[in-house]
Amino acid sequence: MGDSAYSFSLTTFSRTGKLLQIEYALTAVANGRPSLGICARDGVVLATDKKLSSSLVDVESVRKVEGVGEAAGGGCGMVYSGVGPDYRVLVRNARKAAQTYYRQYREPKPISQLVKSTASLMQEYTQSGGVRPFGVSLLLAGLDADGTPRLYQVDPSGAYFGWKATAIGRNYTSAKAFLEKSYQEDMELEDAVHTALLTLREGFEGEMTAHNIEVGVVSKADGKFRVLTPEQIQDYLDEAT
């Protein structure tokens, strides 16, 4: 009996020690639009491809980069690759967690704790009957309690990792290889934005414009996360060319 006999059970390990539904969730992530993050000396940048399947779709109604915790006096950002509706559930949960923390302690929730609570929720969906894993991997950007910029990745299994720079989604291996060559330890936020756009452009299908990508940044200077406007993105694209 091969692994395929276990493919419909989330809570049963296969003979090779795998939970195949998690493997399939990671496949959904790898088929998604690429996203990446870069942790600079003075902030973090998130960038993603949000090319739409039809030109008739209202671009403004589609958001892949979301802020978390702005109302709670802080600022973290999230982006995903994979299944969009699953991402909405995780964003809503993260916002509730950030607000609850702020009401209790009257200070923004550190990014490391927000990552842990999000990863715990995703892990719960890997060991319960009648549910399935979240079909997304997340990149989260923010500041820790000591003001240090941090970049984290959370996978469908609930595993999370800290990164200096990374990519998820389609062609993530080539994007990571590009980042390994381009990343510098003393990189500033402005340089990180340029590097993020160059990395996206490497594997981009068609023409990359300010309307089919999204970029978000969190700065150490003010601790706020903001999504760049198309005009700001266009300025960066013009500088890159």
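This tour moves through a predicted model, stopping at three helix pairs and two cavities.

**First stop: H2 and H3**

Begin by selecting residues 84-105, which form helix H2, together with residues 111-124, which form helix H3; the axes of these two helices come within 10 Å and cross at roughly 135°. That angle makes H2 oblique to H3, and the crossing of the two is right-handed. To see where they touch, show the side chains of Leu90, Asn93, Ala94, Ala97 and Tyr101 in H2, and then add Gln113, Leu114, Ser117, Thr118, Leu121 and Met122 in H3, which are the residues they meet. If you colour this contact by residue class, you will find seven nonpolar residues and four polar ones, with no charged residue in the set.

**Second stop: H4 and H5**

Next, select helix H4, residues 172-182, and helix H5, residues 189-202. Here the axes lie 9 Å apart and the helices pack at an angle of about 145°, with H4 passing H5 in a right-handed crossing. On the H4 side the contact is made by Ala175, Phe178, Leu179 and Ser182, while H5 brings Thr195, Leu198, Thr199 and Glu202. The residues of this contact of H4 with H5 divide into four nonpolar, three polar and one charged.

**Third stop: H5 and H6**

Keep H5 on the screen and add helix H6, residues 230-240, whose axis comes within 10 Å of the axis of H5 and crosses it at roughly 75°. H5 and H6 are therefore roughly perpendicular to each other. For this contact, select Glu190, Val193, His194, Leu197 and Arg201 of H5, and opposite them Tyr236, Leu237, Glu239 and Ala240 of H6. By class, the contact of H5 with H6 has five nonpolar residues, one polar residue and three charged residues.

**Fourth stop: the largest cavity**

Now turn from the helix pairs to the empty space inside the model, where the structure holds two cavities of 30 Å³ or more. The largest cavity has a volume of about 110 Å³, and of the 13 residues that line it, the closest to its centre are Pro34, Ala175, Thr199, Leu200 and Gly203. Two of these names return from the second stop, since Ala175 of H4 and Thr199 of H5 also belong to the contact between those helices. Which elements each supply at least two residues of the lining of the largest cavity? They are strand S1 (35-40), helix H4 and helix H5, and the largest share, three residues, comes from H5. Taken by class, the lining of the largest cavity divides into five nonpolar, five polar and three charged residues.

**Last stop: the second largest cavity**

Finally, select Arg33, Pro34, Asp49, Arg170, Asn171, Gly203, Phe204 and Glu205, the residues that line the second largest cavity. This cavity has a volume of about 50 Å³, and its lining divides into two nonpolar, two polar and four charged residues. Pro34 and Gly203 appear in this lining and are also among the residues closest to the centre of the largest cavity, so it is worth keeping both of them displayed while you look from one cavity to the other.

Definitions and conventions:
Residues are numbered from 1 along each chain as its sequence is written. This is a predicted model: local features need pLDDT of at least 70, side-chain atom pairs count only at pLDDT 80 or more; totals for chains, interfaces and linings use all residues. Side-chain values use heavy atoms; hydrogens and water are left out. Axes are lines fitted to C-alpha atoms, for helices over the stretch in contact, and angles run from 0 to 180 degrees between N-to-C directions. Helices (H or I, at least four residues) and strands (E, at least two) are DSSP runs, numbered from the N terminus. Angles under 35 degrees count as roughly parallel, over 145 as roughly antiparallel, 65 to 115 as roughly perpendicular and the rest as oblique. A crossing is left-handed if the near helix is turned anticlockwise from the far one by less than a right angle, and right-handed if clockwise. Contact means heavy atoms within 4.5 Å. Ala, Val, Leu, Ile, Met, Phe, Trp, Tyr, Cys and Pro count as nonpolar, Asp, Glu, Lys and Arg as charged, and the others, Gly among them, as polar. On a 1 Å grid over the protein atoms alone, a cavity is a set of points where a 1.4 Å probe fits but cannot get out, and a pocket is an open set with protein on both sides within 12 Å along at least five of seven lines; lining residues have an atom within 4 Å of a point. Grid points are joined across faces, edges and corners, and a volume is the space filled by probe spheres set on the points.
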